[in-house]
Amino acid sequence: MSSNDIADDTDRRIASALQLHGRAPWEQIAQPLGLSERTVARRGQRLLEAGLIRVVGLLDTQLIGRPAPVLLRLRTETGHARKVAERFCGLHETRTVMALLGSFDHFVELIPESDESLRTLLFDGLPPQVRSSSSHPVLRFYTGSHEWNGGALTPAEEAALRQPSRAPFGARRGEVTLHPDELRMAALLAQDGRMSTTRLASELGVSQATASRRLASLLEQDVIRIRADVAPSLFGCTTEALLWLNVGYDRLDAVGRTLAERPEVMTLVSITGDYQVCAHVALHDPYHLQEFLTGVVGALDGVGEIDVTILLQVFKRGGFAVPSAAVGRAAVGA
C-alpha cells in the first residue's frame, strides 16, 4: 500500500486524527469524525501496518539530563551516498537520516546519550567517505514534528481530539530521573506508541495497574510525547525541504515563532553555526515551495541568506529505518 492507493479522504482524516491523539481508541476517533468504529479500526490498522503512519513515544531526552540534539550536514564522495546513509541509519543515536539535493548531500539528526558519545562519534565515528561536515547544536525547539498535522479535519473535529499543548522539547533540562522500568517502558513506546497497558505490563513483568500508573506519570510529566509519524505525501505534500536561515539575533525569536505557526512547517529549531534557524517544511510541489520562500520566508524582517536543500530520500525517520520502497521518499518533481 502506498499513498497513491488512497481513494478518498477517509484515510487522511484518520491519519490526521492520530496526529492529534496517537493513543486514542478507535471509538474515540470515530465519534467526532462521524464514522463507524469498525471503519476507523479497519482503515487505521491498515495505515499502521502499511507503515504510512507510525505511532511512537518520543522521549524528551534533555528533560532526563541528556545533551541537546545536534544537526549534521554532510558532503560525501561521489558514489558513496547510500553507504554513508546506511552507516548513519545503523547508529542508535540518530533519529533522522535524509539524502538531499542542494549544497549538502545528507542531513543527520543526532540525539546523543552523553557528551562523551557525541565526541566519540564526531572525532572518530564519521565514515571515511564523508568529505566535509558541519555540526549545529539545537538551542531551542519552536515546533516539532509531533505537533505537525496534515490538516484533513474541520476545526470542530480537531478540537474534539487535540491534546493539551505542551512545553517545547528542551524547555526543561535534567528535571526528571526515571525508574529503570520507566526507561524500559519508554523504549517499548518508542517502538509502538499505541501499545496497550496490558502488553506493557506483560513486557515489564508488572501488574497492569502499575503499568498504567507509570505510563500516566511519563505522559503527565511530558517525558514522553506520543507522536504519529505520517508521510507528508499522504496529504499530497510531495516536496519536503530543509531551510537554513541567517537571522539577526534581534529578530530570531520573532522569526522562529512566526514560522512555527505556519502549516507548511513540520519542525523548526534555532541552532548555532553559520545559520540560526533550520526548518523542515512540506509542500505540494516545487512551485509552492518557491511561493513559500518568496511570499513567507523572504518577507520576514531579519531574514538574510537562505540555503534550501530539497529532500531526495528518507533513510530514517523518527528513529526507524524507512524501506526504500516506502512513502518516506519525496517525489521532488511531482
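How many bridges pair β2 and β5, and in which sense do the two strands pair? In this predicted model, β2 and β5 are joined over seven bridges in the antiparallel sense. With that pairing as a way in, here is a tour of the fold and of its cavities and pockets.

## The overall fold

The chain is built from eleven helices and eleven strands. Its C-alpha trace spans about 50 × 45 × 40 Å along the principal axes. The radius of gyration is 20 Å, which agrees with the value near 20 Å for a compact globule of 334 residues.

Burial and contacts fill in the picture. Of the 334 residues, 54% count as buried. Among contacts with a separation of 6 or more, 76% are between residues 24 or more positions apart.

## Strand β2 and its partners

Strand β2 covers residues 70-76, and six of its seven residues are buried, so β2 is largely enclosed by the rest of the structure. In its pairing with β5, Val-70 has Pro-137 as its bridge partner.

β2 also pairs with β4: the two strands run antiparallel and are joined by five bridges. Here Leu-72 of β2 has Val-108 as its bridge partner in β4.

## Strand β3 between β4 and β10

β3 (94-101) is mostly covered, with seven of its eight residues buried. β3 and β4 run antiparallel and share five bridges, and Met-98 stands opposite Phe-107 of β4. The hairpin of β3 and β4 has four residues between the strands, and Gly-102 takes a positive phi near 145 degrees there.

β3 also pairs with β10 (residues 303-317), in the antiparallel sense and over five bridges. Met-98 appears again in this pairing, where its bridge partner in β10 is Val-314. As background for reading these strands, side chains in a regular strand alternate between the two faces of the sheet.

## Helix α1 and Ser-16

Helix α1 (10-20) is mostly covered, as ten of its eleven residues are buried. Its buried residues include Thr-10, Asp-11, Arg-13 and Gln-19, along with Ile-14, Leu-18 and Leu-20. The cover over the buried residues of α1 includes the helices α2 (26-33), α3 (37-50) and α6 (155-161), together with the strands β1 and β6.

Which residues does Ser-16 touch, leaving aside those up to four places away in sequence? Ser-16 lies in α1 and is buried, with a relative accessible area of 0%. Its contacts are Asn-149, Gly-150, Gly-151, Ala-152, Leu-153 and Phe-235.

## The largest cavity

A search of the whole structure turns up four cavities of 30 Å³ or more. The largest cavity holds about 320 Å³ of space. Its lining has 24 residues, and those nearest the centre are Thr-96, Glu-109, Ser-145, Thr-267 and His-280.

Several strands contribute to this lining: β3, β4 (106-110), β5 (130-143), β6 (224-230), β8 (265-271) and β9 (277-283) each supply at least two residues. By class, the lining of the largest cavity has twelve nonpolar, seven polar and five charged residues.

## The two largest pockets

What volume does the largest pocket have? The value is about 1,300 Å³. The lining of the largest pocket has 43 residues, with Thr-143, His-146, Glu-147, Trp-148 and Arg-162 nearest the centre. At least two lining residues come from each of α1, β5, β6, α10 (252-260) and β9. The class split of this lining is 17 nonpolar, 13 polar and 13 charged residues.

The second largest pocket has a volume of about 630 Å³. Its lining has 23 residues, of which Leu-59, Thr-61, Arg-66, His-92 and Ala-190 lie nearest the centre. Two or more of these lining residues come from each of β1 (53-59), β3 and α7 (180-191). The largest share belongs to α7, with five residues. By class, the lining of the second largest pocket divides into eleven nonpolar, seven polar and five charged residues.

How values were computed: Residues are numbered from 1 along each chain as its sequence is written. This is a predicted model: local features need pLDDT of at least 70, side-chain atom pairs count only at pLDDT 80 or more; totals for chains, interfaces and linings use all residues. Side-chain values use heavy atoms; hydrogens and water are left out. On a 1 Å grid over the protein atoms alone, a cavity is a set of points where a 1.4 Å probe fits but cannot get out, and a pocket is an open set with protein on both sides within 12 Å along at least five of seven lines; lining residues have an atom within 4 Å of a point. Grid points are joined across faces, edges and corners, and a volume is the space filled by probe spheres set on the points. Ala, Val, Leu, Ile, Met, Phe, Trp, Tyr, Cys and Pro count as nonpolar, Asp, Glu, Lys and Arg as charged, and the others, Gly among them, as polar. Buried means under 20% relative accessible area, exposed over 50%, partly exposed in between (1.4 Å probe, protein chains only). Two strands pair if DSSP finds at least two bridges between them. Contact means heavy atoms within 4.5 Å. The radius of gyration is taken over C-alpha atoms; the globule rule is 2.2 Å times the number of residues to the power 0.38.
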